[in-house]
Amino acid sequence: MSAAVIRFSAFRRLHCLVCVPSSSPPPQRGAGTHPRKPQQSSVRIISQLFHPSQRAKRGRDLPDLGVRPRPGWVRFVVQILVVACLWPATGQTVASLAQTRVSGYTYYVQPGDTWFAIAQATGQTISVLQQVNPQAVRNFDLLYTGEQIQVPSAGQPRYHDVQPGDSLASVASTYDVSVGLLVATNPQLGGSAGSLAVGVRLLVPLLNAEADSGPSFEFDPSVAMASLPEGVVVPLSYRVKPDAPGLQSEDAVGGSLIPDPAVPPPVCTAPPGYADFIRSALNYWQGKAQGIARSAGLCNLTVGELVDGQDINGDGFNDLLVTLESGGLAEPDVPERTDLLLLHWLGENLQPALQTRASGRVSLLAAGDVNSDLRRDLVWTDQSCGASACYTRVHAMSWDQETATWRDWTETPISMVNADVRLMDADVLGDGLAIRLQGGVHQAEGAGPQRARTEIWASRQGQPFALQALEFGPTTHLYHVVLEAHLKTVQSPYQDLHSAQQLYRQVLADDSLQVWHDATEQDFMRAFSLLRLAVIASYQQQPDVATEIVNVLEQAYPASPFTGLGRNWLAAYTGADDPIVGCAAAQAWAKTHPATWQPFGLFGWSNPGMTPDAVCPVIEGEFGQRLDIEPAVDPQASTTPPAELSLFPNAEELRNLSPEAFAASDDLPECPGTLDGYPRMIESLLNGLQGDLLLVETWLRLCEVVSDSIGTLSQLDLNGDGHDDTVAIVGREETDGQGPDGYGGRLAVYYGSFGNASSLIFEPAVVGLPSLLALQDLNNDTKSELAWVDEVCNAVCLSTVEVLTWNGDTVNNFIGKGAVITNGTTRLAPVPDTNPGDGYQIVLEGGVSGLLDTDVQVSHVELWESIGGLPFHRVWFEYDPLDPDSRCLGLNLVEADYLLAGGPYYGYGPAIQMYGDILDNPTLTTCSIVGTNPDQEKSLLRGLAWFRLVQAHGLAGDMRSSILALEDMKADVGTDAIHVRIADAWRSAYAEHADPVQACQAALPIIRQEPASWQVTDLFGLDHPAETETSLCFAPGED
């Protein structure tokens, strides 16, 4: 099938056209069309305009400007509109959308980022990050590459000016942060960790643990989190060397140590006597636990961890936990070992409750109710190091109140080589805190190809800690990809047959994957991958697909041992119509043909091999159920439950019919009762009818969810695996439909595979009626894009453009915020040669709500383009030049402000030119709709234009022109004008720090004292963006 888009029906209901060529260039101004980036998202603008608290601010204390609060019914209508349009997608109220700026810094999501990865990189918790960034919380925790995550931080921002010889690695090392964090918080680097230009100023984030640190004992950074479950005790990093003079640490925990002269000092002893030694030390030092360290030092022991005065087992009495280290530096000739001892106070007596010997050094992670099951827990690590590796074992124990004993509380042993072990919020993986291990890479000879991994162990509903998530690091080795696919095929909790299929397909198609031995390894692994794809198809009840794959295996690798195994497996499987029977036959065959599994054991002692039974695994799950687990690549996915693939038994008969005979058949599947049922039903039809889109569309038309004006079925190879993928859009009138005329809709994406099989991958969240805008490479970057419009109607209709792009199986959002038009149209047009973008531009036209007749009602056009492979951003905004009201001074400033916001992307020259044109044009008029004094309105708006011109020159690096513009500004509007004082404060701070954020912070106090400076932008009606006190001063990258 051709890679071109196959379109079977019209896909626009009202006015969204696909690939309509434009015979005329976009609107021109001055020297040419000037690109821009939106300064604010439409969500933020709407919330600022219409939230009651913001509206109250705008109508307060402004008698001179004539600003008055808008009628209450208008606020009500618009709030209902905003809630109706935005609630399903964000789950937030209007009040929560109008967020207060968070003190901290901005993290720009990088490819492959997850909430977990960002939390670990920034030292925050997932829950805190999601509370601060509700706009980024979506189904499956999807994050869009390039979106901004606000990271709260209690400390002041710090910066590093790049010096000769600096690299990102050296800067990261100096400040003890990761290179990835520097890249993600400095967008001027363009997402690259390459060379640095001398003089560039880098933001160096302050990690949460640094910002919150106090003068007390330093907490273990592995658990330095913003919030811990109640009752969790973080251990003291309390380590006293045997020869530490003065024992200064003792003063920090409560005064000098004075021994009891009536009590003999503790006697050094072997490990079996450690409990008595600790009790003797406490008596000798008059009950002060820190005295244990002094006595231990005299016995060549080191106190590693000490927790005193905490009720660890929950019996109402305080307990004492100590780790004692022997050997090592203190006694080089003695083998290093550590003992963890826990003693419970029973009345006046301290009784030993637990003593465990470790093979290496013990580090206490937490003591308390770690997994939120109302029982007390202990979690610690035991690390022993050899010449080339350190082995870490993680222990978790739970207190059993009935038997008064500590029980091991892990499902299986937790261990990893060269691991970094930390506690983290369990979030959706379990309750309380989870245990995260990162590492797993051996350096020793003969270990074989290595690949880092991350494991997360969590407890659910009080059960022992079990492996809940496994994530592998990048690899270039063929063996690693096959091993990961094998694990995703057979092993819980990360069984995911769809991902396994994609990995096996990667083995077949990716020639860049390296072999460990010789060229025959590639044929071996590819033949095995074909066998596994056939086995997965059998578990998905696709015998025709399984048969076709085995045929391909025989043709491509006739001499492979998997060819004979595949023939035996297929005969048994199809004969019994049971994949378990087929695998039993394959396992028996493999036992007599070791060439099918022994080669897996040739990849080093640290890597797992294969057994005969594992060659064809019995996959857990009831036969007949759909077993593949949907991957978490879904941007705002639906939670529609899985359905069986074979929903109609006569598919073979139906697929041989003509469309006319198919439509007349009485044996067609019933139409689902709701729109929610269509995505899975379409998947079943695509598989049952072997991808015949014409028959599937015929059925959808009979169900009246696709017509010439609504819905579509289109195909394109989205993920580059050589198989056509399908995009389906359906719509119909619904009782709760929020689209035009009460219509609702659904959009779903299906990946194609062998034998025209299709798998539902995700359903992007849709609020109103979706319509396809394009399914093709929109920006000439050789990657596929899906663009659609979600139209939501209430008092007005809002059309939101969404764009996704594919890089293999990775799906990313590919359009900036704010691609929304009110009562307007959306279409595509080729990018003219005069514009900066590539391929096609997205054109939005309209923007007049008509809610108030008194508003300045001028339509506008917006152009969104992708430049250099980057996501689509607004590059042009212009009001209708033929409308007399477009001569309004305030509206001309809106156009110029959009150009200023695009300065970091396309240069500040266009904005400088337009602000100059505005200031040189005496014919521009005032147009306040609330009776503001025209002279005052004009003076304030010209002052704002001058301030922005001063900013534009400075940000362009031309401080001389910025100073001259400020002098001209004073001559025009007066030295005491509001915006002159704001501009003066900004320019002085920017000249000193070269940091636009700090410069705006310097100007902010004046802006807050003079609300007229920004409220003057809110005089023209509901359809036009207005500034707030925090947005009046432009800073690149700031919302």
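## A guided tour of the predicted model

Select Tyr 479 to begin: this residue is buried, with a relative accessible area of 2%. The model on display is a predicted one.

**Stop 1: aromatic rings**

The structure contains 15 aromatic pairs. One of them brings together Tyr 479 and Phe 603, which are stacked, with 4.3 Å from centre to centre and 15° between the planes. To see which parts of the chain meet here, colour helix α13 (residues 478-490), which carries Tyr 479, and then the loop between α18 (579-591) and α19 (612-615), which carries Phe 603. The two residues are 124 residues apart, and the pair thus links distant parts of the chain. Phe 603 is buried as well, at a relative accessible area of 3%.

Next, select Tyr 504 and Phe 528. Their ring centres are 6.4 Å apart and their planes stand at 75°, so this pair is edge-to-face. Helix α14 (residues 497-509) holds Tyr 504 and helix α15 (residues 520-539) holds Phe 528, so the pair ties together parts that are 24 residues apart in sequence. Are these two residues buried or exposed? Tyr 504 is buried, with a relative accessible area of 0%, and Phe 528 is buried too, with a relative accessibility of 0%. Now add Phe 524, Phe 562 and Phe 600 to the selection: together with Tyr 504 and Phe 528 they form one aromatic cluster.

**Stop 2: the whole chain**

Zoom out and show the protein chain as a cartoon. Its secondary structure comprises 31 helices and 31 strands. Of the 1039 residues in the chain, 55% are buried. Among contacts between residues at least 6 apart in sequence, 60% join residues at least 24 apart. Switch to a surface view: the chain exposes about 42100 Å², and 51% of this area comes from carbon and sulfur atoms.

**Stop 3: a four-stranded sheet**

Return to the cartoon and select strands β15 to β18. They form an open sheet in the order β15-β16-β17-β18, with antiparallel pairing. Which strands stand at the edges? They are β15 (420-425) and β18 (466-472), each of which pairs on one side only. From one strand to the next, the twist averages 25°.

Look more closely at β15 and β16 (residues 431-439), which pair in the antiparallel sense over six bridges. Within this pairing, Met 424 stands opposite Ala 434 in β16. Then show helix α5 (residues 115-122), which lies across β15, β16 and β17 (453-459) and runs at about 110° to β15.

**Stop 4: disulfides**

Display the cysteine side chains. The structure holds six disulfides, and three of them are visited here.

Begin with Cys 268 and Cys 299, whose sulfur atoms are 1.9 Å apart. The torsion about the S-S bond is -85°, and the link is left-handed. Cys 268 lies in the loop between α10 (248-252) and α11 (274-284), and Cys 299 in the loop between α12 (291-298) and β6 (302-310), so the pair ties together parts that are 31 residues apart in sequence. Cys 268 is partly exposed, at a relative accessible area of 46%, whereas Cys 299 is buried, at 13%.

Select Cys 793 and Cys 797 next. Their sulfur atoms are 1.9 Å apart, and a value of 110° about the S-S bond makes this link right-handed. Cys 793 is buried, with a relative accessible area of 17%.

Then move to Cys 1000 and Cys 1033, where the sulfur atoms are 2.2 Å apart. Here the torsion about the S-S bond is about -80°, so the disulfide is left-handed. Cys 1000 lies in helix α30 (residues 996-1009) and Cys 1033 in the segment after α31 (1012-1015), so the pair ties together parts that are 33 residues apart in sequence. Both cysteines are buried, Cys 1000 with a relative accessible area of 10% and Cys 1033 with 6%.

**Stop 5: two loop residues with positive phi**

Most residues other than glycine have a negative phi. Select Leu 374, which has a positive phi, near 70°, and is not a glycine. Leu 374 sits in the loop between β10 (361-368) and β11 (377-385) and is exposed, with a relative accessible area of 83%.

The tour ends at Asp 741, where phi is also positive, at about 60°. Where is Asp 741 found? This residue is in the loop between β20 (725-733) and β21 (743-752). Asp 741 is exposed, with a relative accessible area of 55%.

Conventions:
Residues are numbered from 1 along each chain as its sequence is written. This is a predicted model: local features need pLDDT of at least 70, side-chain atom pairs count only at pLDDT 80 or more; totals for chains, interfaces and linings use all residues. Side-chain values use heavy atoms; hydrogens and water are left out. Buried means under 20% relative accessible area, exposed over 50%, partly exposed in between (1.4 Å probe, protein chains only). Contact means heavy atoms within 4.5 Å. Accessible areas come from the Shrake-Rupley method with a 1.4 Å probe; for residues, only the protein chains shown count as cover. Two strands pair if DSSP finds at least two bridges between them. Axes are lines fitted to C-alpha atoms, for helices over the stretch in contact, and angles run from 0 to 180 degrees between N-to-C directions. A disulfide is a pair of cysteine sulfur atoms within 2.5 Å. Rings of Phe, Tyr and Trp (its six-membered ring) pair if their centres lie within 6.5 Å; planes under 30 degrees apart count as stacked, over 60 as edge-to-face and the rest as tilted.
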